[in-house]
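User: Please explain how the labels applied to this structure follow from their definitions.

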Amino acid sequence: MTDIIDIWDKVTDVYWWNKMATKPLVVNQGGTYSGKTIAILQVLIDKGIEEPGSRITITTQDFPKLYDDPLKEFKALIAQEKIKHFFVDIDLNRGVYKMHNGSSYTFRCFDSVGKATGSKRDYLYVSEAWGTPYEIFFELWMRTEKQVFIDYNPSKEFWSHQELMHREDCQTFITTFMDNKFCTDKKRNEILGYYQKYLETKSEFWKNKWMVYGQGKTGIVSGVVFPSVRRINQFPHEYYLISNKDGLSHIYGLDFGYMSDPTCIGKMGVRASDERIVAEEIFYETGYNAFDLPDLFPRLGIRKGIDIIVADSANMEAIDLLVRRGYIMVAAKKDPGSVKAGIDLINKHGLDITVNSENALKEQRNYIYRKTQGRYDKDLPVDRDNHFFDQLRYAATYFIHGWGEIRGKIRRISKPRRAVVI
C-alpha cells in the first residue's frame, strides 16, 4: 500500500472524505470551487495504485464537458513528478490510460442505454451527474463492482436526490468553497459576492445563486408554485396533529382522473407544534374512474361514515355516487380565485411531504407559474403537473377554513378533540 501523504503535495478535506468513504455509492453535492473533481480523481488514482488491475471509468454528459473538466484535470494530476512513473504513457490524448500494475482509466461518454450495458468496471465516476440520464447511470452503476462516485452543482433536484441520497448504502458529502483551502482569494470573494448581492437586492436570483454555488444547497427552479417543500420520513401520528372542526386529525383529498390523467388521492393534516401542513400521496394511477373508487377506498384505509374526502366539485355525479356508497364527501370550493387562495394558504403554513410520495415530489419540481412578458405571473399557475396539489388544495382549504359543501352525514368519532385550527 502506497503512502498517500508522499504522493500528493496538495489535498483538501473533500479528498479525505472521499478517500475514507466506505459505502458503494458516494455522492458529492457541492458548490463551485469546492474541489470535488480533483479530489475524486486523486482518490481514483490512489485506488489504481493500491489495487493493481483496477478498472476505472470516468464519464459525463458529453465529450466537450469530459475533455474540459475531468480529463483535463486528470492529465494535469498524472503529469506530476510523484505520479507519472506509475503510468505507462501519460501523453495520450484520451486514454485508455494504463498503470504498470495493470490498472486502467477509461474516459468515455454514453449517449444511449445500449452503450452503457457493455463492459464491467471496479470504480465509476460520473462528473456533473445531472447531465447524465438516470437510465444510463443505472446501467453503469449495475456494472460497477466496487464503488461509484458522482458529483454535481445542485442547481435543482434530479435523480440523485430521488434515487440515491436516501439509500442506506449511499454516503453524501455537501461541500463548499470553504472546504477547499486552495481556493484563491479572488474566487472566494466572487462567491461571497453572491450573498452580498442578495442582501442588497433581496433578489431570488442572487439568493438561489448563493445557495447553489456558495452553500452547496439544492436550488429551486424559477417560477415553482411550491418552492419550500420539506421531506419527512412518515405521516405523523394523530397525537401530533391538530383536529379540525369535525374532530378529525386528518382528511383526504381526491382529484378525479380523466382520460390519461391520473386519479390522485392524498392524506393531509396540520402539525400541532408549528402548524405546517403535512401530506402524503396514497394513490396516483391512471385507468380508474368513480365506479372503481368504492372498492379502492377500503384498501387505502378510508373509512365509511368517519373519514372525509374532499373532491373536485366538477364531478358532482361521482361525488354523489360515493355518498350513496356510505362515504362522507365534500364538494371542493372552486370559486374564481380559489386556486390562488389555496396555493397561498399552503405556502403560508408551509408544507411537508412524505418521502414515499414520489409523484407528488416530482410534481412539486415541475408545477410552475405561467410566464407573461418574461415574468412569472403568480396569479396563473400552468395547469399541468398538479394532480397531487389540486387535491391537496381542496383538502387543505376545507380542513383549515371549512370551504366546501359537505355531502353525507358525519358519524362523530369518540375521542377528545385537540386544538382547532383558527
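**Labels and their cut-offs**

Analyst: The side chains of His 250 and Tyr 252 make a polar contact, at 3.4 Å. The model is predicted, so local features need pLDDT of at least 70 and side-chain atom pairs count only at pLDDT 80 or more, whereas totals for chains, interfaces and linings use all residues. Residues are numbered from 1 along each chain as its sequence is written, and side-chain values use heavy atoms, with hydrogens and water left out.

User: What makes the pair His 250 and Tyr 252 a polar contact?

Analyst: A polar contact is a pair of N or O atoms within 3.5 Å; within protein, one must be able to donate a hydrogen and the other to accept it, and residues adjacent in sequence count only if both atoms are side-chain atoms. The value for His 250 and Tyr 252 is 3.4 Å, side chain to side chain, and therefore the distance meets the cut-off of 3.5 Å.

User: Why is His 250 called buried?

Analyst: Buried means under 20% relative accessible area, exposed over 50%, and partly exposed in between (1.4 Å probe, protein chains only). His 250 has 14%, and is therefore buried. Leaving aside neighbours within four places in sequence, its contacts (heavy atoms within 4.5 Å) include Phe 235, Asp 307 and Phe 399.

User: Why do Tyr 15 and Trp 16 receive their labels?

Analyst: Tyr 15 has a relative accessible area of 0% and is therefore buried. Trp 16, at 33%, counts as partly exposed because this value lies between the two cut-offs.
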